[in-house]
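Here is a short tour for anyone meeting this structure for the first time. Have a look at it below, then read on.

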Amino acid sequence: MSHGPRSGLAAVSSALLAMSRHLEVRDVLKTIVASARELLDAQYAALGVPDDHGGFAQFVVDGVSDEQWKAIGPLPRQHGILAAMLHEARPERLADVREDPRFGGWPSAHPDLADFLGLPVRDGEDVIGALFLANKNCPRPHGGCGFTEDDEELLGILAQHAAIALTNARLYERSRELTIVEERSRLAHELHDAVSQKLFSLRLTAQAAAALVDRDPARAKDELQQVTALAAEAADELRAAVVELRPAALDDDGLVATLRTQTQVLDRAHTARVTFTSHGVRALPSAQEEALLRVAQEALHNALRHSGADHVDVTLDRVGGGAVLRVTDDGCGFDPRSVRRAGRHLGLVSMRDRVGGVGGRLTVESMPGKGTTIEMEVPGG
């Protein structure tokens with residue numbers, strides 16, 4: 001988006017269409033704040049989605065660089081003006097937010113905000129977010145706010161459509177999660193029925209062979225050949241089930257969208273900030289895409305459950321005809337020289353098996369107290 005002001009029906013229509021175009025929640029939130037900041041010509045915009053514990057499940061900003069955001073620190077709590085918009089559910093238009101009695105300060109790296117316009121995002125009677133702008137790019141009236149009543153009205157229109165777009169995105173994600181759960185449940189039942197029958201037959205045939213070994217070696221040999229055949233059939237059943245367990249989202253959305261969705265879900269579910277970026281990645285052979293996804297999932301699980309990280313960053317970039325995946329955390333790290341213990345603890349053996357199966361390369365960089373980077377590179381197909 002450009003950084004200059006836009007006005008008129010075409011600009012508003014463009015912003016509303018952009019909001020409705022996305023289905024992932026975080027993409028919707030980012031589009032809302034970027035559209036609001038551009039349309040109302042402000043330096044900063046943000047949208048906070050509250051959790052049930054006095055904080056924010058998500059907090060998206062526009063106008064603040066990644067370096068500034070990292071320096072600011074943890075997400076804000078529900079206090080001051082933010083709490084007023086969430087709990088009192090009315091618009092707030094202030095000439096200088098710092099002079100409001102509810103102002104509670106901000107971290108040293110936080111940009112200075114002056115004139116302020118904010119309002120709740122409502123779904124019926126429920127407040128599902130707080131949208132606000134700061135520092136209007138215009139001459140301020142003496143002692144007054146740069147944001148006007150017209151700005152407040154326009155932001156109100158955006159907030160109404162934002163509520164619709166956000167609700168639709170949540171329903172879409174929930175529907176997809178339920179579809180995945182139902183599919184996995186179906187496959188689990190099929191796997192149990194098919195493989196358990198084969199294993200039961202294997203057990204009976206092996207017992208029969210054992211009983212015949214001494215008194216009828218020829219029949220025992222026949223029974224053992226049957227064991228071999230049953231074992232091969234069971235292996236085929238398992239292999240077919242594993243192939244069918246390829247994540248449905250990979251086929252529907254591709255690797256980039258699937259990784260983005262999964263990191264967004266993890267970002268909401270954990271206190272650590274989980275981010276994802278991708279550049280220039282093209283579709284890869286299905287085996288390579290699945291291996292990349294599984295390694296990313298394993299590395300994310302390790303970082304979020306074991307490292308104590310505040311930030312986990314996932315990147316997927318094009319390299320020649322292939323791709324390179326990096327999962328980096330700022331957690332406690334470990335000593336890679338302790339390969340056996342660390343490998344067993346972090347699932348590195350499984351990762352290496354997956355990487356080797358697609359002709360890729362896996363590297364692990366870590367140091368106690370310095371975080372960990374898992375990198376996987378696969379060639380083009």
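## Around helix H10

Right after helix H10 sits Gly359, with a positive phi of about 70 degrees. Keep in mind that this is a predicted model.

H10 itself spans residues 348-357, and Leu348, Met351 and Val355 are buried in it. These residues cover an arc of only 60 degrees around the axis, so they end up on the same side of H10. Flip to the face turned away from that buried side and you'll find the exposed residues Val349, Asp353, Gly356 and Gly357.

## The five-stranded sheet

Now for the strands: five of them make an open sheet, ordered S2-S1-S5-S4-S3, with antiparallel pairing. At the edges stand S2 (56-62) and S3 (92-94); each has a single partner strand, so one side of each has no neighbour in the sheet. On average, neighbouring strands here are turned by 15 degrees against each other, ignoring direction.

Further in, take a look at S1 (residues 42-50) and S5 (residues 126-136). These two run antiparallel and are joined by six bridges. If you want a spot to zoom in on, Tyr44 stands opposite Ala134 in S5.

## Helices lying across the sheet

Which strands does helix H2 lie across? H2 (residues 25-39) lies across S1, S2 and S5, and it runs at about 40 degrees to S2.

Then there's helix H4 (residues 80-87), which lies across S1, S2, S3, S4 (116-123) and S5. H4 runs at about 140 degrees to S5.

Methods: Residues numbered from 1 in each chain as written. Predicted model: local features only at pLDDT ≥ 70, side-chain atom pairs only at ≥ 80, totals over all residues. Heavy atoms only, no water. Buried < 20%, exposed > 50% of the residue type's maximum accessible area, 1.4 Å probe, protein only. Helix = DSSP H or I, 4+ residues; strand = E, 2+ residues; numbered from the N terminus. Arc of directions from axis to C-beta. Pairing = 2+ DSSP bridges. Axes fitted to C-alpha atoms, helices over the stretch in contact; angles between N-to-C directions. Contact = heavy atoms within 4.5 Å.
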